[in-house]
Amino acid sequence: MKVHLAYGQGHLPVEFPDDRTTVIEPTHAPGLPDERAAVIAALENPIAAKPLREWISPGARVCITFSDITRATPNERLIPWLLAHLAHVPREQITLVNQTGTHRPNTPAELEKLLTPDVVRSYRVLNHEPENPAAHIQVGATHDGTPALINRHVVEADVRIITGFIEPHFFAGFSGGPKGIMPGTAALQTVMSNHGARHIAHPNAAFGITDGNPLWEEMRDIALRLGPSFVLNVTLNTRRQITGVFAGDLIQAHQVGCEFVRRSAMQRVSGPFDLVVTTNSGYPLDLNLYQGVKGMAAGARILKPGGTLILACECREGVPAGSPCDRLLRSAPSPEALLRQIESPGFLQAEQWQVQIQALIQRKAQVLVHSALSDETVRAAHLTPCHDIGRAVSERLDALGPEARVAVLPQGPLTVPYLE
């Protein structure tokens, strides 16, 4: 069979043996027939909250946070519709803050692509600055006593509108909701505390789990310290069409959206596989190898110990080169050495969470990567280059014998398989 793997802004066609391959995809949800009307209806009839316009009194300072370039949120539709709904609010009272978290700032051209040139031209649009002390206000502390620092525009706003989209997340349970505040607009040191080795290693820090997940629960608690926030989250299908709109109370509306996603994304399988081929759901999530760990984590859930995991992730922006993730990967001779380093008392480095998860996956699997990266870059990340996925699968199945099976996740972490 030919399977089209999500890859970059297109697809990668790969041949798999019909009788030994299981393709695992999200249950398809149709796009809403009138997306804009659905968004406006959700703003006017929110979940566990007053209609959005009733939140805004004359002179109110409004802060809207939005997802950055690494997320598939349809900002270019969602944000103009939201702003049109708030047309009665003077534009100088509205600030839009990019939820970069610890990611790089987005360029002016990228912001125009995300929000439309008209929005960027007409409103104050800011990248979050995670390493700028003056950009934050403290709202208590994290579990280990680290200051909980959040972007001052978000904290000081009279009305906070947190936008984004909901998908399964490999250690926070689901994206969206309070993640649009923490880590989306949090200081680097706050994110590093929340994403520390102890939290990442917790068994409940996993796809589809929020309650009992220490990472997510701390994100929620920090977000709630700011006071009430209005959330506008959407769900998407593989065509980036909006399939659901969840607006209202930051926590309760998000929970309704998470259950909607759970029904389509969580896919049960009867047993583990010898090989798993996964993706990082294509552009924009497969921009770099740092994000690619999400696809690895989805595939590893159904892989036999000692099996082979193959990730198709374009990585047009590299690891990125010179990033904290890249430097950490190159700092040790093996995944086990990286884990010892990360788990040692007092060790703390930006982006260590991604490296930790990759190394934990490599305890049970050989990981191959098909990408635009050079072989040297892939090997420096302790991974194996794979130039031909079909051939690699065929060779391993032949070596393992007729009973060996392969699973394919064409949409990567948009599908969360789990064992019965």
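What follows is a walk through the predicted model, from its sheet and helices to its aromatic pairs and a few unusual backbone positions.

A useful place to start is the open sheet of 6 strands, which has the order β6-β5-β4-β9-β12-β13 and mixed pairing. Its edge strands are β6 (124–127) and β13 (242–249), each of which pairs on one side only, and the twist from one strand to the next averages 20 degrees. At the β13 end of this order, β12 and β13 pair in the antiparallel sense over 7 bridges, and among the residues involved, L232 has A247 in β13 as its bridge partner. Helix α9, residues 252–265, lies across β12 and β13, and the direction in which α9 runs makes an angle of about 155 degrees with β13.

The two strands β12 and β13 also meet another helix, since the buried residues of α1 pack against both of them as well as against α2 (75–85). The residues in question are E35, V39, I40, A42 and L43, each of them buried. These residues cover an arc of only 160 degrees around the axis, which puts them on the same side of α1. The general geometry of such helices helps in reading that pattern: an α-helix has 3.6 residues a turn, so residues three or four places apart point the same way.

Helix α10 gives another picture. Of its 12 residues, 12 are buried, so α10 is largely enclosed by the rest of the structure. The list of buried residues in α10 includes L289, Y290, Q291 and K294, together with the glycines G292, G295 and G299. The length of this helix can be checked as well: at 1.5 Å a residue, the 12 residues of α10 should span 16 Å, and the end C-alpha atoms of the helix are indeed 16 Å apart, which agrees with that expectation.

Turning to the side chains, a search of the whole structure finds 3 aromatic pairs, and two of these are taken up here. A pair of aromatic rings is described by the distance of the centres and the angle of the planes. For W55 and F230 the ring centres are 5.5 Å apart and the planes stand at 90 degrees, so this pair is edge-to-face, given that planes over 60 degrees apart are counted that way. W55 belongs to the loop between α1 (35–44) and β4 (62–67), whereas F230 belongs to strand β12 (residues 230–236), so the pair ties together parts that are 175 residues apart in sequence. F230 is itself buried, with a relative accessible area of 0%.

The pair formed by F170 and F171 has another geometry: the ring centres are 4.7 Å apart and the planes lie at 45 degrees, so this pair is tilted. F170 is buried, with a relative accessible area of 5%, and F171 is likewise buried, at 4%.

The surroundings of L111 can be followed from helix α3, where this residue is placed. With a relative accessibility of 8%, L111 counts as buried, because the cut-off for that term is under 20%. Leaving aside residues up to four places away in sequence, L111 touches F66, N98, N106, T116, V120, V125 and N127. The C-alpha atom of L111 is separated by 22 Å from that of G177, a residue 66 places apart from L111 along the chain.

One of the contacts of L111, namely T116, leads to the backbone, since T116 has a positive phi of about 85 degrees although it is not a glycine. T116 lies in the loop between α3 (108–115) and α4 (117–122). E351 is another residue other than glycine with a positive phi, here near 70 degrees, and E351 is found in the loop between α12 (335–343) and α13 (352–362). With a relative accessible area of 8%, E351 is buried.

Two peptide bonds that precede prolines complete the tour. The bond from Y283 to P284 is cis, with omega near 5 degrees, and P284 has its place in the loop between β15 (273–279) and α10 (289–300), the helix with 12 of its 12 residues buried. The bond from V319 to P320 is also cis, with omega near 10 degrees, and P320 lies in the loop between β16 (303–312) and α11 (324–329).

Note on methods: Residues numbered from 1 in each chain as written. Predicted model: local features only at pLDDT ≥ 70, side-chain atom pairs only at ≥ 80, totals over all residues. Heavy atoms only, no water. Phe/Tyr/Trp six-rings, centres within 6.5 Å; stacked < 30°, edge-to-face > 60°. Helix = DSSP H or I, 4+ residues; strand = E, 2+ residues; numbered from the N terminus. Buried < 20%, exposed > 50% of the residue type's maximum accessible area, 1.4 Å probe, protein only. Pairing = 2+ DSSP bridges. Axes fitted to C-alpha atoms, helices over the stretch in contact; angles between N-to-C directions. Contact = heavy atoms within 4.5 Å. Arc of directions from axis to C-beta. Expected span 1.5 Å × (residues − 1).
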